[in-house]
Amino acid sequence: MDDGEGAVARQAVSIEYRLAVPADEKAIAGLLERAGLSSEGIAPHLPHFVVAVAGGRLVGTAGCEVHGSAGLFRSFAVDPGHRGQGIGAQLYRLVVSHARSAGVRDGYLLTDTAEGFFAKFGFQRVTRDAAPRAIRETDQFRSQCLPASVCMSRSFGNAESDMERQASV
């Protein structure tokens, strides 16, 4: 809908958040590829992915590779037409809540573009060597992300933050 001055008004569309299912794999891969992110190796970790769906279309995703008490957070993407609506933040809350329920106590991630986003949630820059061996041996660490990618970590400890406590999948 045009407002008469060339601006297009966004229609309010309800966003459904849920755990990913195998049928979502192709849509997740497409969204990741459009965002310039690797979709390699997502299939075995789909049980630890969350998605955002609007109008029957997948518009956001976030995942975690669970390696004991350590989790590698990966594959965060929101469709460009749906950015700025808090979808990324909600996906973050949900994937962390799910990962914690799967036993993750320490989170790690690699990013080229989203350091500021993750810093808002308490992630801090660390060296790659600070990550446990199980995380360093993932395909993400070894080959899918550039050596110059920023490594970040955060401990979730035993107490959840207020935002994470609000989220449930």
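This report walks through the fold of one protein chain, from the whole chain down to a single serine.

**The chain as a whole**

Please keep in mind that the model is predicted. The protein chain has 169 residues, and 45% of them count as buried. It contains 6 helices and 7 strands. Reading from the N terminus, these elements follow the order β-α-β-β-β-α-β-α-β-α-α-β-α. Among contacts between residues at least 6 apart in sequence, 69% join residues at least 24 apart. The exposed surface of the protein chain comes to about 9000 Å², and carbon and sulfur atoms supply 49% of that area.

**The sheet**

A good place to start looking is the sheet. It is open, has 7 strands in the order 1-2-3-4-5-7-6, and its pairing is mixed. At the edges lie strand 1 (15–19) and strand 6 (124–126), each of which pairs on one side only. From one strand to the next, the twist averages 25°.

The table sets out some of the strand pairs.

| Strand pair | Direction | Bridges |
|---|---|---|
| Strand 1 and strand 2 | antiparallel | 5 bridges |
| Strand 4 and strand 5 | parallel | 4 bridges |
| Strand 5 and strand 7 | antiparallel | 6 bridges |

Individual residues help to locate these pairs on screen. Ile15 has Ala54 in strand 2 as its bridge partner. Further along the sheet, Gly71 stands opposite Gly107 of strand 5. Leu109, in turn, has the bridge partner Met152 in strand 7.

Strand 5 covers residues 106–111, and 5 of its 6 residues are buried, which leaves this strand mostly covered. Strand 5 is also part of a right-handed β-α-β unit, together with strand 4 and helix 2.

**Two helices across the sheet**

Next come two of the helices. Helix 1 (residues 25–34) lies across strand 2, strand 3 (57–67) and strand 4 (70–78), and it runs at about 95° to strand 3. Which residues of helix 1 are buried? They are Ile28, Ala29, Gly30, Leu31 and Leu32. The cover over the buried residues of helix 1 includes strand 2, strand 3 and strand 4. Just after helix 1 comes Gly36, with a positive phi of about 80°.

Helix 2 (residues 87–101) lies across strand 1, strand 2, strand 3, strand 4 and strand 7 (150–155). The angle between helix 2 and strand 4 is about 155°.

**A closer look at Ser75**

Finally, here is one residue to zoom in on. Ser75 is found in strand 4. Why does Ser75 count as buried? Its relative accessible area is 8%, and a residue counts as buried when that value is under 20%. So Ser75 is buried because its 8% falls under that limit.

What does the side chain of Ser75 make a polar contact with? The partner is the side chain of Arg74, at 2.9 Å. Leaving aside neighbours within four places in sequence, Ser75 is in contact with Leu32, Ser38, Ile42, Phe49, Thr61, Ala62 and Gly63. One of these, Leu32, is among the buried residues of helix 1, and strand 4, where Ser75 is found, is part of what covers the buried residues of that helix.

Note on methods. Residues numbered from 1 in each chain as written. Predicted model: local features only at pLDDT ≥ 70, side-chain atom pairs only at ≥ 80, totals over all residues. Heavy atoms only, no water. Pairing = 2+ DSSP bridges. Helix = DSSP H or I, 4+ residues; strand = E, 2+ residues; numbered from the N terminus. Axes fitted to C-alpha atoms, helices over the stretch in contact; angles between N-to-C directions. Contact = heavy atoms within 4.5 Å. Buried < 20%, exposed > 50% of the residue type's maximum accessible area, 1.4 Å probe, protein only. Right-handed = clockwise from strand over helix to strand, strands pointing away. Areas by Shrake-Rupley, 256 points an atom, 1.4 Å probe, with all protein chains shown as cover. Polar contact = N/O pair within 3.5 Å; in protein donor to acceptor, adjacent residues only side chain to side chain.
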